[in-house]
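Please look at the model below before reading on. The report deals with a few selected residues and their surroundings.

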Amino acid sequence: MLVRGRVQGVGFRYWARAAAERAGLSGWIRNRSDGSVEAEFEGTVAAVEGMIDAVHRGPAGGAVDSVAVSHAEPEGTSAFRVLPDAG
(Lines give C-alpha, C1' and ligand atoms only; values in the text may rest on other atoms or scores of the structure.)
Protein backbone atom coordinates (compact mmCIF):
# COMPACT_ATOMS: atom_id res chain seq x y z
CA MET A 1 0.00 0.00 0.00
CA LEU A 2 1.28 3.46 -0.86
CA VAL A 3 -0.41 6.38 0.89
CA ARG A 4 0.00 9.98 -0.24
CA GLY A 5 -1.10 13.23 1.34
CA ARG A 6 -0.25 14.81 4.69
CA VAL A 7 0.83 11.49 6.15
CA GLN A 8 4.23 12.28 7.66
CA GLY A 9 4.67 14.22 10.88
CA VAL A 10 1.08 13.52 11.98
CA GLY A 11 1.52 10.17 13.77
CA PHE A 12 0.23 8.20 10.79
CA ARG A 13 2.57 5.21 11.23
CA TYR A 14 1.78 4.82 14.93
CA TRP A 15 -1.95 5.27 14.32
CA ALA A 16 -1.74 2.56 11.63
CA ARG A 17 0.22 0.23 13.92
CA ALA A 18 -2.41 0.56 16.65
CA ALA A 19 -5.24 -0.02 14.14
CA ALA A 20 -3.45 -3.02 12.63
CA GLU A 21 -2.84 -4.56 16.04
CA ARG A 22 -6.51 -4.09 17.02
CA ALA A 23 -7.51 -5.84 13.77
CA GLY A 24 -5.09 -8.73 14.37
CA LEU A 25 -2.92 -7.82 11.36
CA SER A 26 0.80 -8.21 10.98
CA GLY A 27 3.15 -6.46 8.57
CA TRP A 28 5.03 -3.18 8.49
CA ILE A 29 4.87 0.54 7.72
CA ARG A 30 7.50 3.18 6.94
CA ASN A 31 7.95 6.73 5.68
CA ARG A 32 9.38 7.22 2.20
CA SER A 33 11.69 10.04 1.16
CA ASP A 34 9.06 11.43 -1.25
CA GLY A 35 6.69 12.24 1.65
CA SER A 36 4.46 9.19 1.21
CA VAL A 37 4.02 6.22 3.52
CA GLU A 38 4.20 2.60 2.41
CA ALA A 39 2.81 -0.35 4.30
CA GLU A 40 2.11 -4.04 4.04
CA PHE A 41 -0.73 -5.63 5.99
CA GLU A 42 -1.17 -9.38 6.43
CA GLY A 43 -4.19 -11.13 7.85
CA THR A 44 -7.68 -12.23 6.94
CA VAL A 45 -9.28 -10.71 3.86
CA ALA A 46 -11.91 -8.99 6.01
CA ALA A 47 -9.30 -7.48 8.36
CA VAL A 48 -7.12 -6.24 5.50
CA GLU A 49 -10.13 -4.72 3.72
CA GLY A 50 -11.12 -3.00 6.95
CA MET A 51 -7.61 -1.60 7.28
CA ILE A 52 -7.69 -0.32 3.71
CA ASP A 53 -10.91 1.52 4.54
CA ALA A 54 -9.36 2.94 7.72
CA VAL A 55 -6.24 4.12 5.89
CA HIS A 56 -8.39 6.06 3.43
CA ARG A 57 -9.67 8.08 6.41
CA GLY A 58 -6.33 8.28 8.27
CA PRO A 59 -5.71 9.76 11.71
CA ALA A 60 -6.90 13.10 13.00
CA GLY A 61 -4.42 15.72 11.83
CA GLY A 62 -3.59 13.80 8.67
CA ALA A 63 -5.04 14.17 5.20
CA VAL A 64 -4.99 11.19 2.84
CA ASP A 65 -5.05 12.21 -0.82
CA SER A 66 -4.64 8.76 -2.38
CA VAL A 67 -4.14 5.11 -1.49
CA ALA A 68 -2.64 2.71 -4.03
CA VAL A 69 -3.20 -0.92 -3.10
CA SER A 70 -1.36 -3.84 -4.64
CA HIS A 71 -1.32 -7.49 -3.69
CA ALA A 72 1.84 -9.40 -2.79
CA GLU A 73 2.80 -12.74 -1.38
CA PRO A 74 2.60 -12.69 2.43
CA GLU A 75 5.94 -12.39 4.20
CA GLY A 76 4.65 -14.46 7.12
CA THR A 77 5.39 -11.88 9.77
CA SER A 78 3.95 -12.39 13.24
CA ALA A 79 3.76 -8.76 14.41
CA PHE A 80 3.22 -5.29 13.01
CA ARG A 81 6.34 -3.11 12.94
CA VAL A 82 7.18 0.51 12.25
CA LEU A 83 10.31 0.33 10.10
CA PRO A 84 13.03 2.96 9.70
CA ASP A 85 12.40 5.48 6.94
CA ALA A 86 13.16 4.33 3.40
CA GLY A 87 15.86 6.26 1.57
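The sections below cover the annotated positions, the aromatic pairs, and two further residues in this predicted model.

## Annotated positions

The UniProt record, an unreviewed entry, places the feature "active site" at R13 and N31. These two positions are spread over 19 residues of sequence, yet they cluster in space, with a largest C-alpha distance of 7.9 Å. R13 belongs to helix 1, while N31 belongs to strand 2. Their side chains are joined by a polar contact of 3.5 Å.

R13 has a relative accessible area of 16% and is therefore buried, the cut-off for that class being under 20%. N31, with a relative accessible area of 7%, is buried as well. Apart from neighbours within four places in sequence, R13 is in contact with I29, R30, N31, V37, V82, L83 and D85. With the same neighbours left aside, the contacts of N31 are V7, Q8, R13, S36, V37, D85 and A86. V37 and D85 thus appear in the contacts of R13 and also in those of N31.

## Aromatic pairs

How many aromatic pairs does the model contain by the ring-centre rule? The count is two. One of them is formed by F12 and W15, with 5.4 Å from centre to centre and 50 degrees between the planes. This pair is classed as tilted, because its angle is neither under 30 degrees, as for stacked rings, nor over 60, as for edge-to-face rings. Both residues lie in helix 1 (residues 12-22), three residues apart, so about one helical turn separates them. F12 is buried at 2% relative accessibility, whereas W15 is partly exposed at 21%.

F41 and F80 also pair: their ring centres are 5.4 Å apart and their planes stand at 10 degrees, so these rings are stacked. F41 is part of strand 3 (residues 37-42) and F80 is part of strand 5 (residues 80-82), so the pair ties together parts that are 39 residues apart in sequence. Both F41 and F80 are buried.

## W28 in strand 2

W28 is located in strand 2. Is W28 buried or exposed? At 11% relative accessibility, W28 counts as buried. Its side chain makes a polar contact of 3.5 Å with the side chain of E75.

Not counting neighbours within four places in sequence, W28 is in contact with E38, A39, E40, E75, F80, R81 and L83. F80, a member of the stacked pair, is among these contacts. The C-alpha atom of W28 is separated by 8.2 Å from that of A79, although the two residues are 51 residues apart along the chain.

## S36 in the loop before strand 3

Where is S36 found? S36 sits in the loop between strand 2 (26-31) and strand 3. Despite this loop position, S36 has a relative accessible area of 1% and is buried.

The side chain of S36 is joined to that of D34 by a polar contact of 2.6 Å. Leaving out residues up to four places away in sequence, S36 touches L2, V3, R4, V7, Q8, R30 and N31. One of these, N31, is a position that UniProt lists under "active site".

Conventions: Residues are numbered from 1 along each chain as its sequence is written. This is a predicted model: local features need pLDDT of at least 70, side-chain atom pairs count only at pLDDT 80 or more; totals for chains, interfaces and linings use all residues. Side-chain values use heavy atoms; hydrogens and water are left out. Rings of Phe, Tyr and Trp (its six-membered ring) pair if their centres lie within 6.5 Å; planes under 30 degrees apart count as stacked, over 60 as edge-to-face and the rest as tilted. Helices (H or I, at least four residues) and strands (E, at least two) are DSSP runs, numbered from the N terminus. Buried means under 20% relative accessible area, exposed over 50%, partly exposed in between (1.4 Å probe, protein chains only). A polar contact is a pair of N or O atoms within 3.5 Å; within protein, one must be able to donate a hydrogen and the other to accept it, and residues adjacent in sequence count only if both atoms are side-chain atoms. Contact means heavy atoms within 4.5 Å. UniProt positions are given in the numbering used here, feature names are shortened, and annotations may be inferred rather than shown by experiment.
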